[in-house]
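Reader: I should like to examine how the descriptive terms applied to a model follow from their criteria. Please show me the entry before we begin.

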Amino acid sequence: VAVSLVVVGTPTYVGRYRIVGRQCQFQVSLVSSTSIASTAGTHYINLPISAKGVAGIAAMTNDSTNIAVGLCHVDVATSRCYLPSQVASGDTFTVCGSYEIGG
């Protein structure tokens, strides 16, 4: 999983994806030994399969506190999932979403 984040400490990123027809569904867990932070429109996760179509949908949640952080932007031109803003935190975060792929 290629990720662009502000990380203090040792990061651990775990992800998986599944192809259903012409859709890619993905899940990523983001953990750091100290903290993770993101800025909307700047920090991203590379999608596992090249995106096609117009758009996709994804959300970022805080798995430690069981709250939603915000919606993500799936950019089909760059095959990236841009994260919402999140202040530095040592919590575990998850990003889940889906988008169209070529076929």
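Author: The exchange below takes up the sheet, its hairpins, the cysteines, the core and several single residues.

Author: This is a predicted model, in which local features need pLDDT of at least 70 and side-chain atom pairs count only at pLDDT 80 or more, while totals for chains, interfaces and linings use all residues. Residues are numbered from 1 along each chain as its sequence is written, and side-chain values use heavy atoms, with hydrogens and water left out.

Reader: What makes strand 1 and strand 3 edge strands?

Author: Eight strands form an open sheet in the order 1-6-9-8-7-11-4-3, with antiparallel pairing. Strand 1 (3-4) and strand 3 (11-20) each pair on one side only, and are the edge strands. The strands themselves are DSSP runs (E, at least two residues), numbered from the N terminus. In general, strands of a sheet pair through backbone hydrogen bonds, either parallel or antiparallel.

Reader: How do you know that strand 7 and strand 8 pair?

Author: Two strands pair if DSSP finds at least two bridges between them. Strand 7 and strand 8 have five bridges in the antiparallel sense, so the criterion is met. Along this pairing, N62 stands opposite I67 in strand 8, and A58 stands opposite C72 in strand 8.

Reader: How many bridges join strand 8 and strand 9?

Author: Three bridges join strand 8 and strand 9, again in the antiparallel sense. One of the partnerships is that of V74 with C81 in strand 9.

Reader: Which residues take a positive phi in the two hairpins?

Author: In the hairpin of strand 7 and strand 8, with four residues between the strands, N66 has a positive phi near 60°. N66 is not a glycine. The hairpin of strand 8 and strand 9 also has four residues between its strands, and S79 in its turn takes a positive phi of about 55°. S79 is likewise not a glycine.

Reader: Why is N66 called exposed, and why is S79 called buried?

Author: Buried means under 20% relative accessible area, exposed over 50%, and partly exposed in between (1.4 Å probe, protein chains only). N66, in the loop between strand 7 and strand 8, has a relative accessible area of 67% and is therefore exposed. S79, in the loop between strand 8 and strand 9 (80-82), has 15% and is therefore buried.

Reader: How do you know that C72 is in no disulfide?

Author: A disulfide is a pair of cysteine sulfur atoms within 2.5 Å. A search of the whole structure finds zero disulfides. The cysteine sulfur nearest to that of C72 belongs to C81 and is 4.0 Å away, so C72 does not satisfy the cut-off. For C96, the nearest cysteine sulfur is that of C72, 9.3 Å away, and C96 is in no disulfide either.

Reader: Which of the words buried, exposed and partly exposed applies to C72, and which to C96?

Author: C72 has a relative accessible area of 11%, so C72 is buried. C96 has 39%, so C96 is partly exposed.

Reader: What makes a set of residues a nonpolar core?

Author: A nonpolar core is a set of buried Ala, Val, Leu, Ile, Met, Phe, Trp, Tyr and Cys residues joined through side-chain atoms within 4.5 Å. The largest one here has 19 residues, and those with the most contacts inside it are F26, L30, C81, L83, V95 and Y99. Strand 4 (23-32), strand 7 (51-62), strand 8 (67-75) and strand 11 (93-101) each supply at least two residues of this core.

Reader: Which residues does Y99 touch?

Author: Contact means heavy atoms within 4.5 Å. Not counting residues up to four places away in sequence, Y99 touches several residues, among them C24, F26, L47, I49 and V74.

Reader: Why do S35 and Q86 count as buried?

Author: S35, in strand 5 (residues 35-38), has 11% relative accessibility and therefore counts as buried. Leaving aside neighbours within four places in sequence, S35 is in contact with V6, V7, V8, A88, S89 and G90. Q86, in strand 10 (residues 86-89), has 15% relative accessibility and so counts as buried. With residues up to four places away in sequence not counted, Q86 touches A37, S38, M60, V69 and F93.

Reader: How do you know that the charged end of R80 sits over the ring of Y44?

Author: A charge sits over a ring if NZ of Lys or CZ of Arg is within 6 Å of the ring centre and within 35 degrees of the ring normal. The charged end of R80 sits over the ring of Y44 at 3.8 Å from its centre.
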